Amino acid sequence: MNPWTYKPWWCQPWSILLTGIALIGSSWLLWKTIWVTVLISLPVLTWMGFFLIIWPQLMRDSSIPLSSQYLQSTPDSVEE
């Protein structure tokens with residue numbers, strides 16, 4: 001099961017990496033001070049780490065099926 005197949009284009013690994021690198025790089029280009037870049041990097045790297053490492057593993061380990069085919073194949077599924 002690949003959890004990335006269910007996410008839109010703006011929430012794919014390449015877009016998360018590109019956004020994080022752009023934010024950290026932009027902070028350096030704008031202010032050219034290491035402490036500002038570090039202050040911006042910490043939450044950005046935390047966000048990237050969560051969505052690139054922790055979230056996919058949690059989705060794989062969860063018992064929640066992500067496939068709509070699974071819902072259609074179970075006889076007791078109810079559509080509302």
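Contact is taken here to mean heavy atoms within 4.5 Å. On that basis, residues 24 or more positions apart account for 58% of those contacts in the chain that have a separation of 6 or more. The model is a predicted one, and its secondary structure comes to 3 helices and 0 strands, with the elements running α-α-α from the N terminus on. Of the 80 residues of the chain, 22% count as buried. The ends of one long sequence interval are also brought into relation in the model: M1 and D61 are 60 residues apart in sequence, whereas their C-alpha atoms are 10.0 Å apart in space. M1 itself lies in the segment before helix 1 and, with a relative accessibility of 54%, counts as exposed.

The packing of helix 1 against helix 2 was examined next. Helix 1 spans residues 13-31 and helix 2 spans residues 34-61, and their axes come within 9 Å of each other, crossing at roughly 175°. Because angles over 145 degrees count as roughly antiparallel, this crossing makes helix 1 roughly antiparallel to helix 2. On the side of helix 1, the contact is made by P13, I16, L17, T19, G20, L23, I24, S27, W28 and W31, and on the side of helix 2 by I34, V36, T37, I40, S41, V44, L45, W47, M48, F51 and L52. Sorted by class, the residues in the contact between helix 1 and helix 2 comprise 16 nonpolar and 5 polar ones, with no charged residues.

Individual positions illustrate how the two helices meet. L17, a residue of helix 1, is in contact with M48 and L52 once its neighbours within four places in sequence are left aside. The C-alpha atoms of L17 and M48 are separated by 7.0 Å, although the two residues are 31 residues apart along the chain. L17 is nevertheless partly exposed, its relative accessible area being 39%. S27, which also has its place in helix 1, presents another case: its relative accessibility is 1%, and S27 therefore counts as buried. When residues up to four places away in sequence are not counted, S27 touches K32, T37 and I40, and of these partners T37 and I40 are among the helix 2 residues that make the contact with helix 1.

T37 also takes part in a polar interaction with a serine of helix 2. The residue concerned is S41, which is found in helix 2 and whose side chain reaches the backbone oxygen of T37 at 2.6 Å. With a relative accessibility of 11%, S41 falls under the 20% limit and so counts as buried. Both S41 and T37 are listed among the helix 2 residues in contact with helix 1.

The loop between helix 1 and helix 2 contains K32, the residue named above as a partner of S27. The backbone of K32 has a phi near 50°, a positive value in a residue other than glycine. Most residues other than glycine have a negative phi. K32 is exposed, with a relative accessible area of 52%, whereas S27, which touches K32, counts as buried at 1% relative accessibility.

Aromatic side chains were considered last. The structure holds 3 aromatic pairs. In one of them, the ring centres of W47 and F51 lie 6.5 Å apart and the ring planes stand at 65°, so that the pair is edge-to-face. W47 and F51 both belong to helix 2, where they are 4 residues apart, about one turn of the helix. Both residues count as partly exposed, W47 at 31% relative accessibility and F51 at 25%. The rings of F50 and F51 form another edge-to-face pair, because their planes stand at 85°, with the centres 4.9 Å apart. F50, at 33% relative accessibility, likewise counts as partly exposed. Ring pairs thus link W47, F50 and F51 into a cluster, and two members of this cluster, W47 and F51, are also listed among the helix 2 residues that make the contact with helix 1.

Technical notes:
Residues are numbered from 1 along each chain as its sequence is written. This is a predicted model: local features need pLDDT of at least 70, side-chain atom pairs count only at pLDDT 80 or more; totals for chains, interfaces and linings use all residues. Side-chain values use heavy atoms; hydrogens and water are left out. Axes are lines fitted to C-alpha atoms, for helices over the stretch in contact, and angles run from 0 to 180 degrees between N-to-C directions. Angles under 35 degrees count as roughly parallel, over 145 as roughly antiparallel, 65 to 115 as roughly perpendicular and the rest as oblique. Ala, Val, Leu, Ile, Met, Phe, Trp, Tyr, Cys and Pro count as nonpolar, Asp, Glu, Lys and Arg as charged, and the others, Gly among them, as polar. Buried means under 20% relative accessible area, exposed over 50%, partly exposed in between (1.4 Å probe, protein chains only). A polar contact is a pair of N or O atoms within 3.5 Å; within protein, one must be able to donate a hydrogen and the other to accept it, and residues adjacent in sequence count only if both atoms are side-chain atoms. Rings of Phe, Tyr and Trp (its six-membered ring) pair if their centres lie within 6.5 Å; planes under 30 degrees apart count as stacked, over 60 as edge-to-face and the rest as tilted.
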